[in-house]
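Please open the model in a viewer and keep the sequence panel visible. The tour below proposes a series of selections and states what is found at each stop.

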Amino acid sequence: MMKFDALGVSEVLTALLQRQGIMEPTPVQEQAIPPMRAGRDVIAQAQTGTGKTFAFLLPLLEKIKPQGTVAQALVIAPTRELAIQIARVAEPLGEPLGIGTIVIYGGADIERQKEKIHRHPQLIIGTPGRLLDHLRHHTLLLGTVNKVVLDEADEMMKLGFIEDVETLLKELARDRQLLLFSATIPERVRKLAHRFMTRPEEIKIEGAQVPLDTIRQVTIALKEAEKIDRLSLIINETQPYLMMVFCATREKVRRVTYEMIHRGYLADELSGDLTQTQRALVLRRFRQAELQILVTTDIAARGLDIEGVTHVVNYDLPRTAEDYIHRIGRTGRAGHEGTAVSLVD
């Protein structure tokens, strides 16, 4: 098997990865790291859970000059949760190298973010809306940034952020290196890429990388009115360690969460209606198994890495097969077995 040093990853970063138990690169890392280290623009198509965060962070961190007191690299993510997740991966690697990292997202105290920006972090991770806020208030200068990553670019398009992303890209250094990672490459994303990229290297990791052989998939046909009773029965019969229940709307999340709590389950909700502080608290409680049931929208289908999810329930079916793959991929991770149940009216 290939090792990270064979890809040109430095001894320091290789050692830091080994301390985390990461010994061998995944396919997307094997294919993306060499052209990125060579300074090429890259379009990488790969599903969530394939290791793409390390695929773009390792070359970025090696190219950042720690002694520089200006922003040098930018990672743009579609959601707060994903931005925070990327920062969690970046900080333990960047800190030993003397690289300062800041994560910027809406819903957090903008004044505290301004204070952190004034400490001159070299790596900035953020969501499009809040990055633009700082840009308009002249608290964030991006003219020195010459390495930028668009993560989950297809989600940015779905959420209506493409225009914001274009505005941000126009503020960067002219000799920038642009790296685009996405589960799918819709035509609009491809047009954006080719407008701002120079002869990009295209990488495609074939197939859904969710380990389906470790996930037992079950479909239950029933009426809408029967779903809440069936969900309770599933919990009682299977005794999940951690369960994620996906609903189609925020209103449905609220109703199902209320019913779960009313029936005595350790449950809480995660949706865009919560403040960032509330969302962070709910996720922390779920990660620490203080909650057993997390009822959520598709906001939690991508990017979140939560260990110990034994069951996923599609209370409502997702819109696309791709969204289904992302949802059930929250379980059956790291070689463990999981169960995904879909309640179908």
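## A tour by selection

Select Gln 45 first: its bridge partner in S7 is Lys 204. The model on display is a predicted one. Extend the selection to the two strands S1 and S7, which run parallel and are joined by 4 bridges.

Remain on S1 and turn to its other partner. S1 and S6 also pair in the parallel sense, again over 4 bridges. Two residue pairs may be displayed here: Val 42 has Leu 179 as its bridge partner in S6, and Ile 43 has Leu 180 in that strand.

Now show the side chains of S1. In a regular strand, side chains alternate between the two faces of the sheet. In S1, Val 42 and Ala 44 point one way, whereas Ile 43 and Gln 45 point the other way. Are these four residues buried or exposed? All of them are buried.

**The sheet of 7 strands**

Select the whole sheet next. This open sheet of 7 strands has the order S3-S4-S2-S5-S6-S1-S7, and its pairing is parallel. Which strands stand at the edges? They are S3 (101-104) and S7; each has a single partner strand, so one side of each is left without a neighbour in the sheet. From one strand to the next, the twist averages 10°.

Add helix H2, which packs on this sheet and touches S1, S6 and S7. The direction of H2 makes about 165° with that of S6. Then add helix H9 (residues 187-196), which also packs on the sheet, touching S1, S5 (147-151), S6 and S7. For H9, the angle with the direction of S6 is likewise about 165°.

Within H2 (residues 27-37), select the buried residues: Val 28, Gln 29, Ala 32, Ile 33, Pro 35 and Met 36. These residues pack against strands S1 (42-45), S6 (177-182) and S7 (201-204), and against helix H3 (52-63). After H2 comes Gly 39, whose phi is positive, near 90°.

**Phe 56 in helix H3**

Move to H3 and select Phe 56, which is found in this helix. Phe 56 has a relative accessibility of 0% and therefore counts as buried. Which residues does Phe 56 touch, not counting residues up to four places away in sequence? They are Met 36, Val 75, Ile 86, Val 149, Asp 151 and Phe 181. Of these, Met 36 is among the buried residues of H2. A distance may also be drawn from Phe 56 to Met 197: the two are 141 residues apart in sequence and 16 Å apart in space, C-alpha to C-alpha.

**The sheet of 6 strands**

Select the other sheet listed here, an open sheet of 6 strands in the order S8-S13-S12-S9-S11-S10, with parallel pairing. Its edge strands are S8 (215-221) and S10 (267-270), each of which pairs on one side only. Direction ignored, neighbouring strands of this sheet are turned by 20° against each other on average.

Focus on S12 (residues 309-314) and S13 (residues 338-344), which run parallel and are joined by 4 bridges. His 311 stands opposite Thr 339 in S13. Two helices can then be added. Helix H11 (residues 250-262) packs on the sheet, touching S10 and S11 (293-296), and its direction makes about 170° with that of S10. H13 packs on the sheet as well, touching S8, S9 (242-246), S12 and S13, at about 150° to the direction of S12.

Next, select Thr 331 in the loop between H13 and S13. Thr 331 is buried, because its relative accessible area is 0%, below the 20% cut-off. Leaving aside neighbours within four places in sequence, its contacts are Ile 215, Val 309, Thr 310, His 311, Val 312, Glu 337, Gly 338 and Thr 339. The list thus includes His 311 and Thr 339, the residues that stand opposite each other in S12 and S13.

**The second largest pocket**

The last stop is the second largest pocket, with a volume of about 750 Å³. Of the 30 residues lining it, select those closest to its centre: Thr 79, Glu 155, Leu 159, Asp 298 and Ile 299. Which elements give two or more residues to the lining? They are helices H4 (80-94), H7 (153-158) and H13 (321-328). Coloured by class, the lining shows 11 nonpolar, 8 polar and 11 charged residues.

Conventions: Residues numbered from 1 in each chain as written. Predicted model: local features only at pLDDT ≥ 70, side-chain atom pairs only at ≥ 80, totals over all residues. Heavy atoms only, no water. 1 Å grid on protein atoms, 1.4 Å probe; cavity = no way out; pocket = protein on both sides within 12 Å on 5 of 7 lines; lining within 4 Å. Points joined across faces, edges and corners; volume = space filled by probe spheres on them. Nonpolar A, V, L, I, M, F, W, Y, C, P; charged D, E, K, R; others polar. Buried < 20%, exposed > 50% of the residue type's maximum accessible area, 1.4 Å probe, protein only. Contact = heavy atoms within 4.5 Å. Pairing = 2+ DSSP bridges. Axes fitted to C-alpha atoms, helices over the stretch in contact; angles between N-to-C directions.
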